[in-house]
Amino acid sequence: TYVDSTPIRVCKNKRIKRNKVFNNIATVGKSTMGWFFGFKLHLIVNEKGDILNFVITQGNVDDRTPLNDSKFLEKIKGKLYGDKGYISSKLTQLLFVDGIQLITGIRDKMKNCLLELKDKILLRKRSVIETINDELKNICQVEHSRHRSFENFISNLISGLIAYSFFPKKPAIKYDVKITDQIALF
């Protein structure tokens, strides 16, 4: 499974001070693409492109915060691949107790850690969740700046997620494991 978050902007940056619809609800946050005013959509998807779970938080919430919630991870077992924003030894230990192995890349000044080859390959396949985020924003249109109420925002977001679940072809990873009786020599 893969985890990632994406910003959901509710207005343009130059209109943050004038926004009255999300006055005390949305917050200013920062993503890799710069500052935004709105919310974050945190997704967990599998290798077939299906959304397993999602949560909506304010824009200034850390990406690692939803992973501390057991309801967000109740159906997840095995390996969870994330980007460098999810690096935390405390979070890794907490998830490992629940049977989830968090696998992330390493930052520039970190010690190199030994990963299995299949984990390195699957970590490079994180583009599947980035593609899902792109399809949600551009095809399902979960992000636009014309909301007139908070209820309208939530209904638009949920309907976009439901519409995505009915897509006939979703971004997926073709990953087959062949079990052989060969002995590995090192």
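In which strand is valine 28 found? The views below, all taken from a predicted model, begin with that residue.

**View 1. Valine 28 in strand E2 and its surroundings.** Strand E2 comprises residues 27-31, and valine 28 is found within this strand. With a relative accessible area of 39%, valine 28 is partly exposed, because this value falls between the 20% limit for buried and the 50% limit for exposed residues. Apart from neighbours within four places in sequence, valine 28 is in contact with Ile16, Trp35, Phe36, Phe37, Gly59 and Asn60. Valine 28 and arginine 9 stand 19 residues apart in sequence, and their C-alpha atoms are separated by 9.5 Å in space.

**View 2. Serine 5 in strand E1 and its polar contact with aspartate 63.** Strand E1 spans residues 2-9 and includes serine 5. The relative accessibility of serine 5 is 13%, so the residue counts as buried. A polar contact of 2.8 Å joins the side chain of serine 5 to the side chain of aspartate 63. Asp63 accordingly appears among the residues in contact with serine 5, together with Lys40, Leu41, His42, Tyr86 and Asn133, when neighbours within four places in sequence are left aside.

**View 3. Threonine 57 in strand E4 and its polar contact with histidine 42.** Threonine 57 belongs to strand E4, which covers residues 51-58. This threonine is counted as buried because its relative accessibility is 15%, and the limit for buried residues is under 20%. The side chains of threonine 57 and histidine 42 form a polar contact of 2.8 Å. Not counting residues up to four places away in sequence, threonine 57 touches Phe39, Lys40, His42 and Pro66. Of these, Lys40 and His42 are also listed among the contacts of serine 5.

**View 4. Glycine 82 in the loop between strand E5 and helix H1.** The loop that holds glycine 82 connects strand E5 (78-81) with helix H1 (89-97). Glycine 82 is buried, its relative accessible area being 1%. Across a sequence separation of 21 residues, the C-alpha atoms of glycine 82 and isoleucine 103 lie 6.3 Å apart. Ile103 is also one of the residues in contact with glycine 82; the others are Val3, Thr104, Gly105, Leu123 and Arg126, with neighbours within four places in sequence set aside.

**View 5. Packing of helix H3 against helix H4.** Helix H3 consists of residues 127-138 and helix H4 of residues 150-165. The two helices pack at an angle of about 120 degrees, and their axes are 10 Å apart. H3 and H4 are therefore oblique to each other, because angles from 65 to 115 degrees are the ones that count as roughly perpendicular, and those over 145 as roughly antiparallel. The crossing of H3 past H4 is right-handed. H3 contributes Ile132, Glu135 and Leu136 to the contact, while H4 contributes Gly160, Leu161 and Tyr164. By residue class, the contact of H3 with H4 contains 4 nonpolar, 1 polar and 1 charged residues.

**View 6. Glutamine 141 in the loop between H3 and H4.** Glutamine 141 is placed in the loop between helices H3 and H4. Its phi angle is near 55 degrees, a positive value in a residue other than glycine. Glutamine 141 has a relative accessible area of 48% and is therefore partly exposed.

How values were computed
Residues numbered from 1 in each chain as written. Predicted model: local features only at pLDDT ≥ 70, side-chain atom pairs only at ≥ 80, totals over all residues. Heavy atoms only, no water. Helix = DSSP H or I, 4+ residues; strand = E, 2+ residues; numbered from the N terminus. Buried < 20%, exposed > 50% of the residue type's maximum accessible area, 1.4 Å probe, protein only. Polar contact = N/O pair within 3.5 Å; in protein donor to acceptor, adjacent residues only side chain to side chain. Contact = heavy atoms within 4.5 Å. Axes fitted to C-alpha atoms, helices over the stretch in contact; angles between N-to-C directions. Parallel < 35°, antiparallel > 145°, perpendicular 65-115°, else oblique. Left-handed = near helix turned anticlockwise from the far one by under 90°. Nonpolar A, V, L, I, M, F, W, Y, C, P; charged D, E, K, R; others polar.
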